[in-house]
Amino acid sequence: MSETMSTNEKKLPLNGRRAIPPNNSNDDENEVPEMEAFGVIPRGFNPRDYLRVEDIYMFKEPQEINKQEHHTDKYYSPKLIVRRGQPFQIQIYFNRPYKPETDQFWLEFLMGRYPQQNKGTYIPILVGNVLKPGQWGAKITHRENNSIQLSIMSSATCIIGKFRLYVAVLTPFGILRTRRNSATDTYILFNPWCQLDAVYLDDEKEREEYVLNDVGIVFHGNVEDVKSRSWSYGQFEENILDACLFLMDKAELELSGRGNPIKICRVASAVINSRDDDGVIAGSWNNSYDYGVAPSAWTGSVDILLEYYSSKQPVRYGQCWVFAGVFNTFLRCLGIPARLITNYSSAHDNNANLRLDFFLDDEGKVDTRLTKDSVWNYHCWNEAWMTRPDLPVGFGGWQVVDATPQETSDGMYRCGPASVQAIKHGHVCFQFDAPFVYAEVNGDIFYTKMDKNGTQTVEGVDTTHIGQLIVTKEVGGDGMMDITEEYKFREGSDEERLALETAVMYGVKKQSIQDTTYQPQTDVEMDFQAQKAVLGNDFKVTITFRNKSRNSYTATTYLSGNIVFYTGVTKSEFKKQSFSVKLEPSSSSSFDIMIKSSEYMSDLLEQASFHFFVTARINETGKILAVQKATVLEIPTLRIKTKGELVAGKEMSVIVEFTNPLKQTLENVTLRLEGPGVLRTIKKQFGRIPMNSTLTWEVKCIPMRPGLRKLIASLSCDALRHVYGELNVQIQKP
């Protein structure tokens, strides 16, 4: 009795709804019997009399045929890693020569705790004479003494992840299997080189960039002043592949769904942020990063993924480029082509009505209480490349996926995949989340005056501010590629109007300007420019009026300078100035205002972003002109140099230098340094750096991989963040 009790307790509880519990962990295993008897085994049966497997050789070294042909030789893993839909080789050693007339054996690939053939988690492969493209099969390519060499083809739609391999031999009394051996585990990934795969990409240079490049560029700053920094994706580093597979287990994605890149992207966009599911990264936009790492201090994805894989707790903290950097690592690691995108002047439109409302009070100042929408200086997301069999023809290719938690989609913080082509043409009815992305790149800014009695008057509409520039890193270089035209037609073109009408037809809410009383002031124009400035210095801003009429006007002008988060949300107003100007007929006049460092330094946030609002009321007509502009200060950089020979396997030194340019001492400074294939991330704390003094940090390391590599460093402290440095190094072969 006690015997049966204990076996029952080991079984997982079943509810009456499913025959077997959900199968959503790649790590779980089932027991596979070494002898599966067909009935009573007669006395005298000796398994040693039959064909028996002595050893399996997987050709899994980086320089051997499998990893070379499958472009997986960079993965820092001792296991076999192949891509689906393409043949790979193994060699089986038996206890005697194999006789095809009488011996029968087959291979079995298993995944998860409850392998089932119809779910693609149990795959028996019989040996045949020919391999059919894109279907499971095996054929013998070479026989010698006691060994045979097999070529195995995997299905181009099979699930991806880690499979366990068994060889089964048929005997009259039962099936003999090899013992569980983790050395023969085989990882199968997506294959952008295979025409039958949903992620097939036909350009070799693009595959090298979007799948095999392990460093990339994040563009930040703002539209007038694009800045760039490197990010280490590190998708081939040790344990990263396992960490990425674990994310799908964490998201409880059924194993049978893991051959579908659409599903994988959708669940990953939810699990990479910690909202709703304790996912990888906790976001923080409030400038206080206690008990965690400031988002700007990370230099790459590897530390974040490995910390999450070991602790299973959200890693603190991230902002949009951190979510996008980690997502890019995840996608490239699994073999889905991916790139990181920056959208400048990105609308975060709370009610997706394609209209961002900035409310002005009587004096023309922005009313921060009423204004709920915000314009991010920039926002980063990802694009993943795949076919979309769930949509009409023509919407495959690049898909927007975004793991930054902004708004919920079907009840969870996630976004995408949304077809870039569908967004461009306004076909926002196609799943997933196309209306939200459409609004991010296409909103209009309405300046609305709220009178005391609650009537609203639209004083200005800016149709060109949002989504002015959308960029990604160029293929094969560190430069910027402008992809705005992939997302939208030229501003003001007929096609753009048509795309907008299509989007409105498919339910994107848009109030037309006709619905609101709006007569713009056309005969006076106002422009605003800010001088490029270095952090800690004074700079000037210039307001220019052009009076095109024959009347003379007076304008009451109001300038508000705000320190903002890069999301466009104001922290504090540090400068306000109003003055009256006389505008002569048919002439231009400019006015300079000095911004002193003492006015902004105490409150400055980490990306050194300012946002200026200028409003001017023409006293004679009562009309209001409004313009807003973001500006970003120049932040000092780190210098990196190397010492010694740059040869794989030999010790070299990396030296990081930084000079403090501020008129204050920096305290509790953290430096980070990393370079995929050269050195693992190293951190060092420095107590203080007095003003104008230089810090020098020397690190010794032994680079492992020859070739062109990148070193990336960051400096972070409360007074100064977003300080980066980088250096390309050519590591020679020994």
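1. T404 is buried, at 5% relative accessibility, where buried means under 20% relative accessible area, exposed over 50% and partly exposed in between, computed with a 1.4 Å probe on protein chains only. The residue sits in the loop between β19 and β20. Leaving aside neighbours within four places in sequence, T404 is in contact with W285, C320, F323, W376, H379 and C380; contact means heavy atoms within 4.5 Å. Helices (H or I, at least four residues) and strands (E, at least two) are DSSP runs, numbered from the N terminus.

2. The model is a predicted one, in which local features need pLDDT of at least 70 and side-chain atom pairs count only at pLDDT 80 or more, while totals for chains, interfaces and linings use all residues. Residues are numbered from 1 along each chain as its sequence is written, and side-chain values use heavy atoms, with hydrogens and water left out.

3. UniProt, in an unreviewed entry, lists C320, H379 and D402 under "active site". Such positions are given in the numbering used here, with feature names shortened, and the annotations may be inferred rather than shown by experiment. The three residues are spread over 83 residues of sequence, yet they cluster in space, the largest C-alpha distance being 9.9 Å.

4. C320 is found in helix α7 and is buried, at 0% relative accessibility. Not counting residues up to four places away in sequence, C320 touches W285, W376, Y378, H379, C380, T404 and Y566. H379, from the "active site" annotation, is thus among the contacts of C320, and H379 is also among those of T404.

5. D402 lies in the loop between β19 (397–401) and β20 (408–409). At 2% relative accessibility, D402 counts as buried. With residues up to four places away in sequence not counted, D402 touches S269, F327, H379, C380, W381, R414, C415 and E440. Two of these contacts recur in the next point: S269 belongs to α5 and F327 to α7.

6. Helix α5 (residues 261–271) packs against helix α7 (residues 320–334) at an angle of about 150°, with the axes 11 Å apart. Axes are lines fitted to C-alpha atoms, for helices over the stretch in contact, and angles run from 0 to 180 degrees between N-to-C directions. The angle makes α5 roughly antiparallel to α7; angles under 35 degrees count as roughly parallel, over 145 as roughly antiparallel, 65 to 115 as roughly perpendicular and the rest as oblique. The crossing of α5 and α7 is right-handed, a crossing being left-handed if the near helix is turned anticlockwise from the far one by less than a right angle, and right-handed if clockwise.

7. In this pair, I264, C265, A268 and S269 of α5 meet F327, F330, L331 and L334 of α7. By class, the contact of α5 with α7 has seven nonpolar residues, one polar and no charged. Ala, Val, Leu, Ile, Met, Phe, Trp, Tyr, Cys and Pro count as nonpolar, Asp, Glu, Lys and Arg as charged, and the others, Gly among them, as polar.

8. A second helix pair is α4 (residues 240–250) and α6 (residues 302–311), whose axes come within 9 Å and cross at roughly 55°. The two helices are therefore oblique to each other, and their crossing is left-handed. On the α4 side the contact involves I240, D242, A243, C244, F246, L247 and K250, which meet V302, L305, L306, Y308 and Y309 in α6. The contact of α4 with α6 has ten nonpolar, no polar and two charged residues.

9. The UniProt annotation "binding site", again from an unreviewed entry, covers N442, D444, E491 and E496. These residues span 55 residues in sequence, yet no two of their C-alpha atoms are more than 13.5 Å apart, so they gather at one spot.

10. Within this site, N442 is found in helix α9 (residues 434–442) and is buried, with a relative accessible area of 16%. Beyond its neighbours within four places in sequence, N442 is in contact with I466 and K488. E496 has its place in helix α11 (residues 494–505) and counts as buried at 13% relative accessibility. Residues up to four places away in sequence aside, E496 touches F489, R490 and E491.

11. R113 lies in the loop between β5 (105–110) and β6 (122–128) and counts as partly exposed, at 34% relative accessibility. R113 and N24 are 89 residues apart in sequence and 8.5 Å apart in space, C-alpha to C-alpha. Neighbours within four places in sequence aside, R113 is in contact with N23, D28, E29 and N30.
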